[in-house]
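Trainee: Before we go through the assignments, I would like to hear the reasoning behind each label.
Mentor: Then ask about them one at a time, and we will set each value against its cut-off.

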Amino acid sequence: MFGGLTIQAVFLVVIGAALLVTGTSGLRRSIRMKKQKAQRTGKILRISHVEKRDEEGFLIQNYYETRIEYVENGHRQQATVKSVDEFQEGEEVRILKDNERGGQLRIVENEKSAVFGPWILIGAGILIISMPFVQKQYGDAYVSAILAALMFLTGAALCASYGKDKKRNTEEIKAVLTDVLKWQNGQKKKYPILTYTLDGKERRMRSRYNSSSPVNYKKGKEITLYRDLESGRILERGPKLSMLTGGIILILISAIGAISTLDVLGIL
């Protein structure tokens, strides 16, 4: 027991607090970035490919030293950044200047989008933290209501993410898995290197997804990428029907749970 809370209750509070901190940190960071106008457009001046392999033949380093020119406070500036994606000289890209990390620059063109945004994480964190206290004060029926709210929140986020992906105007691009990158020596995580053709020019990019199973990443495997015609971003995954299905199921379960809770409380 910890201050009247069981070990299970403390565990829930810790999980909720972790989600709350992650969500609030992400939200504060997003607000700061917008105020600072951290994103801007840069022009690729030159590129140098850097790669290194281990004794097994796996890539252990694979990135592009990319020289970028951009405008800041009315003055032209240049900087070299490391990119896991290959771009072309003269191409314009979006860059992010992170003042919290000493003004470090990075290219943000093809980053993976999060399914659960900061507001979802904050809401989930608050609900989970409240569960042991609500149970102690009001009983299990109200905890069931919180669980129903959590499932609804998760389901709504999944459906919203699917809807966002579905709204995008995209075109399919065929890619081939041409190499595999080990994240670090001794670790089992491996990232595929994908080669594709865009506007008649061959490019390579490191996948944002990884696997510890070599079977999943066989050289020569064909993969479909998606180009967002509005932003120009290369997306690794299109709308996933399983995400919509899972979201709808969670929302239905939450509705059943809410009705059951209201019945137990004598409200219905």
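**Helices and a loop residue**

Mentor: In this predicted model, helix H3 covers residues 140-167, and its 28 residues reach 41 Å from the first C-alpha to the last, close to the 40 Å expected at 1.5 Å a residue.

Trainee: What do the buried residues of H3 pack against?
Mentor: They pack against H2 and helix H4 (241-264); among the buried residues of H3 are Val143, Ile146, Leu150, Leu158 and Tyr162.

Trainee: How do you know what span is expected for H2, residues 118-138?
Mentor: The expected span is 1.5 Å times one less than the number of residues, and for the 21 residues of H2 this is 30 Å, to which the 29 Å from first to last C-alpha is close.

Trainee: Where in H2 does a kink lie?
Mentor: The kink, of about 40 degrees, lies at Met131, shortly before the proline Pro132, and both Met131 and Pro132 are buried. H2 is followed by Gly139, which has a positive phi near 105 degrees.

Trainee: Why is Asp199 called exposed?
Mentor: Exposed means over 50% relative accessible area, and Asp199 has 58% relative accessibility, so Asp199 counts as exposed. Its place is in the loop between strand E7 (190-198) and strand E8 (201-206).

Trainee: What makes the phi of Asp199 worth noting?
Mentor: Its phi is positive, about 55 degrees, although Asp199 is not a glycine. Most residues other than glycine have a negative phi.

Notes: Residues numbered from 1 in each chain as written. Predicted model: local features only at pLDDT ≥ 70, side-chain atom pairs only at ≥ 80, totals over all residues. Heavy atoms only, no water. Helix = DSSP H or I, 4+ residues; strand = E, 2+ residues; numbered from the N terminus. Buried < 20%, exposed > 50% of the residue type's maximum accessible area, 1.4 Å probe, protein only. Bend = angle between axes of the 7 residues up to and from the residue. Contact = heavy atoms within 4.5 Å.
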